[in-house]
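Reader: I spend my days at the bench and would love a guided close look at one part of this protein. Could you take me through its nonpolar core and the parts around it?

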Amino acid sequence: MDSTAFLLWAAQRYAAPDERFVAVLLLALIGSQEIGGHITRTQQELGQHLGYSRAHVAWAMALLMDDGVLRRVRRGVYQLVPSAVLRGGVRPSDPGTPRGLARRERVHQLDLLKEILDDAAAPEAFRAMAHVDAHLPNGPRRTPAHGKAQP
């Protein structure tokens with residue numbers, strides 16, 4: 001799966017009027033990634049940035065986690081499925097090292113994918129979507145009340 005296929009999937013998956021905020025939050029999460037793919041923003045911060053409540057952000061993040069698109073690494077640190085939206089680049093090799101003393105390392109997407117696939121703590125749905133040849137769930141997340149899928 002690559003980022004363009006993922007974005008097309010997300011546009012269809014979260015097309016129902018009451019779930020479109022999930023797509024908005026997904027875009028905000030993609031844009032909030034640090035090099036290496038971590039997002040260090042709280043639900044409250046994301047809500048303030050987007051003009052929504054923390055509870056609304058938590059609801060949308062729960063849907064993304066159910067779909068295997070997002071995982072919580074630890075409190076206030078999240079990660080999106082790397083095969084679709086990973087941000088590579090150069091980062092300090094040890095985030096705890098003082099700025100002037102830190103060595104820098106290049107972060108490659110395939111290396112991060114291997115880390116995810118080898119991480120026993122990563123949810124199975126998340127690891128499954130991390131595969132380059134992952135199969136995305138079909139269709140919209142929910143069918144609208146009138147029984148027909150959105151175009």
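**A close look at the core**

Author: Happy to. The largest nonpolar core has 25 residues, and those with the most contacts inside it are Leu25, Leu29, Leu64, Val69 and Leu80. At least two residues of this core come from each of H1, H2, H4 and S3. Please keep in mind that you are looking at a predicted model.

Let's begin with Leu25. Leaving aside residues up to four places away in sequence, Leu25 touches Leu46, Leu50, Val57, Ala60, Met61 and Leu64. Leu25 is one of the buried residues of H2, together with Phe21, Val22, Leu26, Ala28 and Leu29. These buried residues cover an arc of only 165° around the axis, so they sit on the same side of H2. The face of H2 turned away from that buried side carries Leu27 and Gly31, both exposed. As for its length, H2 has 12 residues and reaches 17 Å from its first C-alpha to its last, close to the 16 Å expected at 1.5 Å a residue.

What lies over the buried side of H2? The cover includes helix H1 (3-13), strand S1 (38-39), H3, H4, strand S2 (70-74) and S3.

H3 deserves its own stop. In this helix, residues 43-50, the buried ones are Gln43, Leu46 and Gly47. Seen down the axis of H3, they fall within an arc of 100°, and therefore line one face of the helix. Leu46 is also among the residues that Leu25 touches. Turned away from the buried side of H3 is a face that carries the exposed residues Gln48 and His49. The buried residues of H3 are covered by elements including helix H2 (20-31), helix H4 (54-66) and strand S3 (77-80). After H3 comes Gly51, whose phi is positive, near 80°.

Now for the charged pairs. A search of the whole structure finds two salt bridges. In one of them, the side chains of Asp67 and Arg13 meet at 2.8 Å, N to O. This pair links distant parts of the chain, with Asp67 in the loop between H4 and S2, Arg13 in helix H1, and their positions 54 residues apart. Asp67 is buried, with a relative accessible area of 7%, and Arg13 is buried too, at 9%.

The other salt bridge joins the side chains of Arg71 and Asp119, at 3.0 Å, N to O. Here too the pair links distant parts of the chain: Arg71 is in strand S2, while Asp119 is in the loop between helix H6 (109-118) and helix H7 (124-130), 48 residues apart. Arg71 counts as buried at 8% relative accessibility, whereas Asp119 is partly exposed, with a relative accessible area of 22%.

Finally, a word on confidence. The mean pLDDT of the protein is 79, and 70% of its residues reach 70 or more. Among the elements, H4 has the highest mean pLDDT (95), and strand S4 (residues 89-92) the lowest (68). Over residues 146-151 the pLDDT is below 50, although this stretch has nine contacts in the model beyond near neighbours in sequence. Where pLDDT is low, the predicted coordinates should not be read in detail.

Definitions and conventions. Residues numbered from 1 in each chain as written. Heavy atoms only, no water. Buried < 20%, exposed > 50% of the residue type's maximum accessible area, 1.4 Å probe, protein only. Helix = DSSP H or I, 4+ residues; strand = E, 2+ residues; numbered from the N terminus. Arc of directions from axis to C-beta. Contact = heavy atoms within 4.5 Å. Expected span 1.5 Å × (residues − 1). pLDDT = per-residue confidence, 0-100. Core = buried A, V, L, I, M, F, W, Y, C linked by side-chain atoms within 4.5 Å. Salt bridge = Lys/Arg side-chain N within 4 Å of Asp/Glu carboxyl O.
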